[in-house]
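Student: I would like to look closely at a single part of this model. Please take me through the metal site and then place it in its surroundings.

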Amino acid sequence: MFAAIYFTLCAFSFFPSYNLVVEEWTEPPMEFPSTVIPGGVIVVPVAKNLPPPRINSATFSKSPTGTHWFGVNGLSSQRSVLIYGETATQSKPSSSWHPHISLYRHRISIANAERSRTSVLRIPASTWAAMDDKFAERKQEERKIMRDVLDQRAGVLSKDCFRRPLASRVVSRFGAPRSLPNGHTYSHNGVDLRAAEGTPVTAMGSGQVSYAHAMLVPGNIVVINHGDGLFSRYLHLSKIHVKAGEPIKIGQQLGLSGATGRVEAPHLHWEVIWKGNLADPVHFLQAWEQLCGQS
Ligand SMILES: [Zn+2]
């Protein structure tokens, strides 16, 4: 069993060319929090001479302060999430120089998010008709485009102290259960900020525009790459003011809020995604205050 686990994990080993011996799972060499919320950020101090931990197949990123590693739990209905990593020490003197790998793993409980009742989206009939099953193929193509955009890992992580894309209150929280007119249920993968049609929407931090175009369900959408696998997305815009590839500064206007795509009414849907894991944007900004090094 260890062999199988080892061969799966060795893809991220820092010592790929040595013969490695897996002994057993050990205790983690750093202290992790005992619980995390859905979409929560897990922060641990950087441990010298060790590779960073991993979560959901993603390697923790180093904070701009250089002092911490962080990873995002993602939107999950699981009760816990597994963190794992490796330590390497030189083996017994009797053998030739074979580093010997210890793998550690640690399970963090996922705190039950506040339970709220499933809200049934009251999508106008004309909007719903524009994105029903007739458009399944186009929706699939657009999902593939977005997967490719979010798979990018290029760029140095922004050092900005991120801020909300507009000063407004949350009208629908991260992870809230939703139901569509066809009965399909899902969890809200961002937060909705109250915004009348035409409110300026600004970048939460510096980066580069990865995507800026109309899509069926998200409507007019802008995606910003903040580096090292961190993205923010801004949906349902009435106007887009930036182009793909353009460098962006924190606070720069990306467009105007609106009601394009699958919506009941105008608002800004804002998402934060780290290496494919959805973060709770509000929680992410709180956690980031300690990590950006400028506060
Ligand atoms: Zn939303």
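Student: Which residues are the protein donors of the zinc ion, and which atom does each of them use?

Tutor: The model is a predicted one, in which local features need pLDDT of at least 70 and side-chain atom pairs count only at pLDDT 80 or more, while totals for chains, interfaces and linings use all residues. Residues are numbered from 1 along each chain as its sequence is written, and side-chain values use heavy atoms, with hydrogens and water left out.

The zinc ion has as its protein donors His 188 through NE2, Asp 192 through OD and His 269 through ND1, at 1.9 to 2.1 Å. Donors here are N, O and S atoms within 2.8 Å of the metal (3.2 Å for Na, K and Ca); water is not among the atoms, so sites may look incomplete. Along the chain, the donors follow the spacing H-x3-D-x76-H. Distant parts of the chain are linked in this way: Asp 192 belongs to strand E14 (residues 191-193) and His 269 to strand E22 (residues 268-274), 77 residues apart. Helices (H or I, at least four residues) and strands (E, at least two) are DSSP runs, numbered from the N terminus. Asp 192 and His 269 are both buried, where buried means under 20% relative accessible area, exposed over 50%, and partly exposed in between (1.4 Å probe, protein chains only).

A covalent link also joins separate parts of the chain. Cys 161 and Cys 292 form a disulfide, with an S to S distance of 1.9 Å; the term denotes a pair of cysteine sulfur atoms within 2.5 Å. Cys 161 lies in the loop between helix H3 (136-150) and strand E11 (170-172), and Cys 292 in the segment after helix H4 (281-288), so the disulfide ties together parts 131 residues apart in sequence. The torsion about its S-S bond is about 85 degrees, and the disulfide is therefore right-handed. Cys 161 is partly exposed, at 22% relative accessible area, whereas Cys 292 is buried at 4%.

Turning to the strands, an open sheet of three has the order E15-E21-E19 with antiparallel pairing. Strands E15 (200-202) and E19 (239-240) form its edges; each has a single partner strand, so one side of each lacks a neighbour in the sheet. Two strands pair if DSSP finds at least two bridges between them, and three bridges join E15 to E21 (residues 253-256). Thr 202 stands opposite Gln 253 in E21.

For the wider setting, the protein has four helices and 23 strands, and buried residues make up 47% of its 295 residues.
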